[in-house]
Amino acid sequence: MYSLDDQEYGMVELMGNWKRTHMCGVLNLAHIGQEVTLMGWVHRRRDLGGLIFIDLRDRSGIVQVVFNKERCGEEVFQKAEAVRSEYVLAVKGAVVKRDPDTVNPKIPTGEIEVVASQLKILSVSNTPPFSLEDDINVSESVRLKYRYLDLRRAEMQRNIILRHRITKWVRDFLDSKGFYEIETPMLTRSTPEGARDYLVPSRLHPGKFYALPQSPQLFKQLLMLSGFDRYFQIARCFRDEDLRADRQPEFTQIDIEMSFVDVDDVIALNEEMLADIFKKALGIELSLPLPRLTYKEAMERYGTDKPDTRFGLELKDVTDLVRDCEFKVFSGAVASGGSVRAINAKGCAVKFSRREIDSLVDFVKNYGAKGLAWIAVEHDGLKSPITKFFTEQQLSSILQRLEAEPGDLLLFVADKDDVVFQALGQLRLELGRRLNLMDKSKYNLVWVTEFPLLEYDEEEKRFVAKHHPFTAPMDEDIQYLDTDPARVRSKAYDIVLNGVEIGGGSIRIHTTEMQEKMLNVLGFSKEKAWQRFGFLLEAFKYGAPPHGGIAYGLDRLVMMLAGRDTIRDVIAFPKMQNASDPLTDAPSEVEPKQLKEVHIRVDA
RNA sequence: GGCCCGGUAGUUCAGCUGGUUAGAACGCUAGCCUGUCACGCUAGAGGUCGAGGGUUCAAGUCCCUUCCGGGUCGCCA
């Protein structure tokens, strides 16, 4: 790599009165004979001596520009010789048909080229640190440091443009259904429960802080109280938690709320919207209504509340068959209130070596399982370290339950339910990956409904909201709120695409009494509840309509539709795993004066 | 915070049980080249091997510490 010098800067010319007439990628046979003025970046230059080809690129695509000494003159040709990658050029020339044997079928403009007559170098460029191709193999930190270059790549431009289209379709669809787009505050109040807040110190109120919103949840509920009836917002949200491939500290929700609806109304509207998006983005006709699973069913069959339904390998419960067996790992787990469940990995007894089976054992240990028992069903009998603990009768009923056939590998986990589900759920995905069962051309959407309202938090020694504290319980379960909170199901629902949760929502509580009760179950005294959520409890006293809604992770939705495996590829300027931005070098230290103004002392 | 993988040229990587002057490809520079499109040919430049310490006659290679990147678990109502 070399750096720009004075001589190169000296080549730069002003655009003057030149006007761009066409984008590069749109030119075709219909433009033959036209004089055009193009402006764009040098994608690649091929210098054949007396003939120079330059692939000129803008967001519409690439077109080949030819510099021929006899056609453009010595002076222009010399400029073309000095051109390098990523220089910004303005070219005047004529569109001509290419000779049949020089047509390039790989690009849309391959049947024509532009014979240059004039050239202005509008900007020079350092050698880029990586090549701006689609199939680059560069570390992500380099890409992020030079994100503006990374974003020049056609692949990234497609992602960002798709994102634009999807938000536009969503706006159009919701507008057509009578929704209003309304903005809510970014500087808001920190609330307990949920993720860690990003805090903003207040200059005017020493010692006090705003929080950036984790979602517009309470504001959209208040908008329902205000009678707007149907609201949506493409809303930026902030959560100060550790990052993942599908999690960024700031992300975007398609936030929707409706009045006078119950679960089925919200689901029906959203299915229509999803069908619209899938049709436009992928040309896929969704068949409606979409399948639904209850939370319980999802957990028992897939070991997760966001099942990838593109393949089988479902979990089977064998607890009742092994309750009294001699294998203490199984019977002990049952005795202490857990379960024993299994996956039949079809055909894997022959496909997997002993070493591969051992690696599965190690795999489940990552998820809290103490081990993974297995039985290989071979043509000449069973091979397994554990069969000796079982009677013939027990073995045959297990084989029958798992529909085992010769060649199958049976994999068992015994533990508390949540460990069993997590270990086998993850094992199922791992098997799906290893056996190549995840068909990339499939888009399996499924609703998961009837989530538990609450779950017990061992650390805090209390119940916490599974969805959020404003979610309504199912009508028929309200009676258990006091007596058996763990049993209460909620009017919450998630929409899952190929094992990725792309959205979720609920019908909300809309009475002061129920909201107080909910907060009470969560451990807030009436006094504390009013202190933290008083504005909401008060608002419910002025005529609150029944209401509910949903929020999509726009980044995840776009990621899935773009076929990417990280949301960083559909966000123009994302952050790295440590939540920093290598481009701007945020976060950064600030001047002592700034700290003083907001009454902050730093002890780090 | 735990675990796993990685850090060697601008980029992506190779570099065995420690042993001469650390290599390759692409990119870059220069020259030649009028139909290329991943142009070609010839020549060349480019490295504190992430950092610090240790073992050794000798460290890219072994040990310790630390920093950085990616994944993952915890976490993410």
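Here is a chat between a biologist and a modeller about a predicted model of a protein with RNA strand B.

Biologist: What makes Glu140 and Arg568 a salt bridge?

Modeller: A salt bridge needs a side-chain nitrogen of Lys or Arg within 4 Å of a carboxyl oxygen of Asp or Glu. In this pair the closest N and O atoms are 2.6 Å apart, so the pair passes the rule. By that rule the count comes to 56 salt bridges.

Biologist: Which parts does the pair Glu140 and Arg568 tie together?

Modeller: Glu140 sits in helix H3, and Arg568 in the loop between helix H17 and helix H18, so the bridge joins parts that are 428 residues apart in sequence.

Biologist: Why is Arg568 called buried, and what is Glu140 called?

Modeller: Buried means under 20% relative accessible area. Arg568 comes in at 17%, so it counts as buried. Glu140 has 24%, so we call it partly exposed.

Biologist: How do you know that Arg564 and Glu155 form a salt bridge?

Modeller: Same kind of check: their N to O distance is 3.3 Å, and the cut-off is 4 Å, so they qualify. Arg564 lies in the loop between H17 and H18 and Glu155 in helix H5, so this pair links parts 409 residues apart in sequence.

Biologist: Are Arg564 and Glu155 buried or partly exposed?

Modeller: Glu155 is at 16%, under the 20% line, so it is buried. Arg564, at 24%, is partly exposed. Both also belong to a network of salt bridges, together with Arg143, Arg147, Asp150, Arg153 and Asp569.

Biologist: Now the RNA. What makes the Asn137 contact with RNA strand B a polar one?

Modeller: A polar contact is a pair of N or O atoms within 3.5 Å. A polar side-chain atom of Asn137 lies 3.0 Å from a sugar or linking oxygen of the strand, so the contact fits. Arg44 fits too, with a side-chain N or O atom 3.4 Å from a phosphate oxygen, and Gln422 has a 3.4 Å distance to a phosphate oxygen as well.

Biologist: How many residues surround RNA strand B?

Modeller: 45 residues do, and the closest are Asp47, Glu70, Thr102, Ala465 and His467. By class, 14 are nonpolar, 16 polar and 15 charged.

Biologist: Last one: why is Met186 called partly exposed?

Modeller: Its relative accessible area is 37%, between the 20% and 50% limits, so that is the label Met186 gets. Along with Leu187 and Tyr210, Met186 makes a nonpolar surface patch of about 260 Å².

Methods:
Residues are numbered from 1 along each chain as its sequence is written. Chains are lettered from A and ligands numbered from 1 in the order in which they are written. This is a predicted model: local features need pLDDT of at least 70, side-chain atom pairs count only at pLDDT 80 or more; totals for chains, interfaces and linings use all residues. Side-chain values use heavy atoms; hydrogens and water are left out. Patches are made of residues with over 30% relative accessible area and no salt bridge: like charges are joined within 9 Å, nonpolar side chains (Val, Leu, Ile, Met, Phe, Trp, Tyr) within 5 Å. Accessible areas come from the Shrake-Rupley method with a 1.4 Å probe; for residues, only the protein chains shown count as cover. Buried means under 20% relative accessible area, exposed over 50%, partly exposed in between (1.4 Å probe, protein chains only). A residue is near a molecule or strand if one of its heavy atoms lies within 4 Å of it. A polar contact is a pair of N or O atoms within 3.5 Å; within protein, one must be able to donate a hydrogen and the other to accept it, and residues adjacent in sequence count only if both atoms are side-chain atoms. Ala, Val, Leu, Ile, Met, Phe, Trp, Tyr, Cys and Pro count as nonpolar, Asp, Glu, Lys and Arg as charged, and the others, Gly among them, as polar. Helices (H or I, at least four residues) and strands (E, at least two) are DSSP runs, numbered from the N terminus.
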